[in-house]
Amino acid sequence: MLVKIYTDGSARGNPDGPGGYGCVLHYTDSQGKLHERELSAGYRRTTNNRMELMAAIVGLEALLRPCQVELYSDSKYLVDAFNQHWIDSWIKKGWKRGKNEPVKNVDLWQRLLKAKAPHQVTFIWVKGHAGHPLNERCDTLATTAADGENLLVDPGV
């Protein structure tokens, strides 16, 4: 089964301000019926890249069995980490960048690797939201989460 996961993170332009993620899972079941799940939550004092990672993690963790996944993100940082094998070199270097600079969000990268492991995942960069209505919905979910107090749209996660 092919599952398309659309993600977005919102830090509202302030790393010390509200942050939130939005995630939409889009898939067709064995009977050909289309399904969508929306997942959203807000976290205080965080950054946009961290929210993109959270959206990707929660989307992958919501899958109950191994799937073929297309994960869409407007974060080149997230997509390039896998497509350009940055994450492989970070692991080999002990999660360091340069001489002594630790890679940010190591805990989340490790959690994303664990969530990704059972699936066949293709990371696809979406430039902004033009032409991607599901990504626009993710943006709305992320913004709503950033404005709310730990809003959880899908209580099943």
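Guide: Let's start with one term: a contact means heavy atoms within 4.5 Å. And keep in mind as we go that this is a predicted model.

Visitor: Fine. Among contacts between residues at least 6 apart in sequence, what share joins residues at least 24 apart?

Guide: In this protein chain, 67% of those contacts do. The chain has 157 residues, and 44% of them count as buried. About 8,300 Å² of the chain is exposed, with carbon and sulfur atoms supplying 51% of that area.

Visitor: How many helices and strands does the chain have?

Guide: You'll find 5 helices and 7 strands. Going along the sequence, the pattern reads β-β-β-α-β-α-α-β-β-α-β-α.

Visitor: Let's take the strands. What holds a sheet together?

Guide: In general, strands of a sheet pair through backbone hydrogen bonds, and they can run parallel or antiparallel. Here, 5 strands make an open sheet with mixed pairing, in the order β3-β2-β1-β4-β7. The edges are β3 (34-44) and β7 (120-125), each of which pairs on one side only. On average, neighbouring strands in this sheet are turned by 20° against each other, direction ignored.

Visitor: Which way do β1 and β2 run, and how many bridges join them?

Guide: They run antiparallel, and 8 bridges join β1 (residues 2-10) to β2 (residues 18-28). To find the register in your viewer, look for I5, which stands opposite L25 in β2. Another pair to click on is K4 with its bridge partner H26, also in β2.

Visitor: And how many bridges join β2 to β3?

Guide: There are 11, and this pair is antiparallel too. G20 has G42 in β3 as its bridge partner. The two strands form a hairpin with 5 residues between them, and G32 in that turn has a positive phi of about 85°.

Visitor: Which residue has a positive phi although it is not a glycine?

Guide: H85 does, at about 60°. You'll see H85 in the loop between α2 and α3.

Visitor: Speaking of α2, which strands does that helix lie across?

Guide: Helix α2 (residues 76-83) lies across β4 (68-73) and β7, and runs at about 135° to β7. Y77 belongs to this helix.

Visitor: Is Y77 buried or exposed?

Guide: The cut-off for buried is under 20% relative accessible area. Y77 comes in at 19%, so Y77 is buried. From its C-alpha to that of L53 is 9.7 Å, with the two positions 24 residues apart in sequence numbering. For contrast, try I91 in helix α3 (residues 86-92). I91 has 40% relative accessibility and therefore counts as partly exposed. The C-alpha atoms of I91 and Q110 are 9.5 Å apart, and the two residues are 19 apart in sequence.

Visitor: On to the nonpolar core. Which residues of the largest one touch the most other members?

Guide: Those are I5, L60, L71, W109 and L112, out of 35 residues in that core. Helix α1 (residues 48-61) gives the largest share, 8 residues. There is also a second, separate core of 7 residues, and Y6, V24, Y72 and V126 are among them.

Visitor: What does W109 touch?

Guide: Leaving out residues up to four places away in sequence, the contacts of W109 include L53, Y77, L78, F82, W90 and W95. K104 is on that list as well. So is Y77 placed on both counts: in helix α2, and in touch with W109.

Visitor: Now a polar residue. Where is T7, and is T7 buried or exposed?

Guide: T7 sits in strand β1. At 0% relative accessibility, T7 counts as buried.

Visitor: Which side chain makes a polar contact with the side chain of T7?

Guide: That would be E52, at 3.1 Å. Other residues that T7 touches, beyond four places away in sequence, include G22, C23, A55, A56, L71, Y72 and S73. N135 and C138 are also among them.

Visitor: Let me try a recap. Strand β1 pairs antiparallel with β2, and T7 in β1 has a polar contact with E52.

Guide: That's the picture. Add that I5 stands opposite L25 and is one of the residues touching the most other members of the largest core.

Key
Residues numbered from 1 in each chain as written. Predicted model: local features only at pLDDT ≥ 70, side-chain atom pairs only at ≥ 80, totals over all residues. Heavy atoms only, no water. Pairing = 2+ DSSP bridges. Helix = DSSP H or I, 4+ residues; strand = E, 2+ residues; numbered from the N terminus. Axes fitted to C-alpha atoms, helices over the stretch in contact; angles between N-to-C directions. Core = buried A, V, L, I, M, F, W, Y, C linked by side-chain atoms within 4.5 Å. Buried < 20%, exposed > 50% of the residue type's maximum accessible area, 1.4 Å probe, protein only. Polar contact = N/O pair within 3.5 Å; in protein donor to acceptor, adjacent residues only side chain to side chain. Areas by Shrake-Rupley, 256 points an atom, 1.4 Å probe, with all protein chains shown as cover.
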